[in-house]
Amino acid sequence: MSAGRIKDIANIARLGHVEFRTTDLERARDFYVDLIGLHETERDHDRIYLRCTEDKQHHTFVLRRAQSAGVGHIGFVVADEDDLDRMKARFEELGLPVRWAGNEMLGQGRTLSVQDPLGFVIDYYATIQPVPWLVQQYHLHKGASPTRVDHVNVLTPDAQAGYDWYTGELGFGCAELTESDPPEQRIWASWLFRKSTVHDIAVMTGAGPAAHHIGLSLGDPLSIIRACDMLAGAGYANSIERGPGRHGISNALFVYVRDPDGNRFELYMGDYLTGNRGAEPIRWNLNNPVRQTLWGAPPPRRWFEESMAVETFDGSALQATRPPLMQAVPNYVPD
Ligand SMILES: [Fe+2]
């Protein structure tokens, strides 16, 4: 008997965390904590658990010691423990690889791990250790002082299938999408949400499964300029990959940065309230450059060509369907 679609049987709350692989855990920690301004909650031998000022949970961004850069897994929070059991039954019904993950993540409860139809390893969990809220601990704010891990942006060869999976099976809303001209009129990218902003995840067309970036939300526009100044002062001027500028899609101010491993993140500020998952998305034509950049310089070639590798379901290797990851950024010579 059908368990019903996830949208009918479980309540996905929001993006929970993203795990970045790093070849130098302490260097990555210094970059994200001392320079960017994330907060270290806890650490074990292989992982450092970070959060932003608005986060009341143990971690929203995790650095993990690894042989190469890339993304370990993507985590979503669900409302209740029972959701996980119903989701497991549904994923099994769909024939997807699914298992209960081990308890290796500090602060995180029972975790259901699935390889979704796009090939991404997604962890779902309902329980995560509460930690002190830092919004009003102003004396602890430093760097760009990110307020939350806002979204993850991923690549797949069939973005229409990604849109169908997230809006159909999982019950995400779609704030905005990019599509090609009729008669094909295929979705090239979509911005998909469970929390009430523009997105928790964006699914774009590209060699995949691979990850393009994570978005760290900032509290005000000047924090983006301040972050650029601090990156330059610390010797990371060439790590500023694209922007600052303002997107057409999402209306957010942005700057894209490559960390010392070459992993990519976006400092993101000023998108808008959504909330109604049944509302019609804003539609952009693929040939309209304003969708990417309302103002600001066009993206460099590497922004389109380079992505972050993602792990296989058993975590033993990186998936092969990806363009090569760039070398560490400080030696990068702009074209
Ligand atoms: Fe983004």
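Here a trainee and a mentor talk through a predicted model, from its domains to its sheet and core.

Trainee: How many residues of domain 1 are in contact with domain 2?
Mentor: Good place to begin! The chain is divided into domain 1 (6-125) and domain 2 (144-331), and their C-alpha centres are separated by 18 Å. Domain 2 brings 40 residues to the contact, and domain 1 brings 39.

Trainee: Which element gives the largest share of the side of domain 1 that touches domain 2?
Mentor: Four elements give two or more residues to that side: α1 (6-9), β1 (12-22), α2 (25-36) and β5 (70-78). By class, the side has 21 nonpolar, 12 polar and 6 charged residues. The largest share, 8 residues, comes from β1.

Trainee: Which strands are at the edges of the open sheet of 8 strands?
Mentor: Follow the order, β2-β3-β4-β1-β5-β8-β7-β6, where the pairing is mixed. An edge strand pairs on one side only, and that holds for β2 (39-43) and β6 (98-100).

Trainee: What is the bridge partner of Arg21 in β4?
Mentor: Strands β1 and β4 (residues 61-65) run parallel and are joined by 5 bridges. Helix α2 lies across β1, β2, β3 (47-51) and β4, at about 160° to β4. Within β4, Arg21 has as its bridge partner Arg64.

Trainee: Where does the largest nonpolar core lie relative to the domains, and why?
Mentor: This core has 82 residues, and Leu192, Val203 and Leu267 touch the most other members. Both domains give residues to the core, so its place is between domain 1 (6-125) and domain 2 (144-331).

Conventions:
Residues are numbered from 1 along each chain as its sequence is written. This is a predicted model: local features need pLDDT of at least 70, side-chain atom pairs count only at pLDDT 80 or more; totals for chains, interfaces and linings use all residues. A nonpolar core is a set of buried Ala, Val, Leu, Ile, Met, Phe, Trp, Tyr and Cys residues joined through C-beta atoms within 7 Å. A residue is buried if 20 or more other C-beta atoms lie within 10 Å of its own, exposed if 12 or fewer, and partly exposed in between; C-beta atoms are placed from the backbone. Domain bounds come from an automatic or database domain assignment. Two residues are in contact if their C-beta atoms, placed from the backbone, lie within 7 Å. Ala, Val, Leu, Ile, Met, Phe, Trp, Tyr, Cys and Pro count as nonpolar, Asp, Glu, Lys and Arg as charged, and the others, Gly among them, as polar. Two strands pair if DSSP finds at least two bridges between them. Axes are lines fitted to C-alpha atoms, for helices over the stretch in contact, and angles run from 0 to 180 degrees between N-to-C directions.
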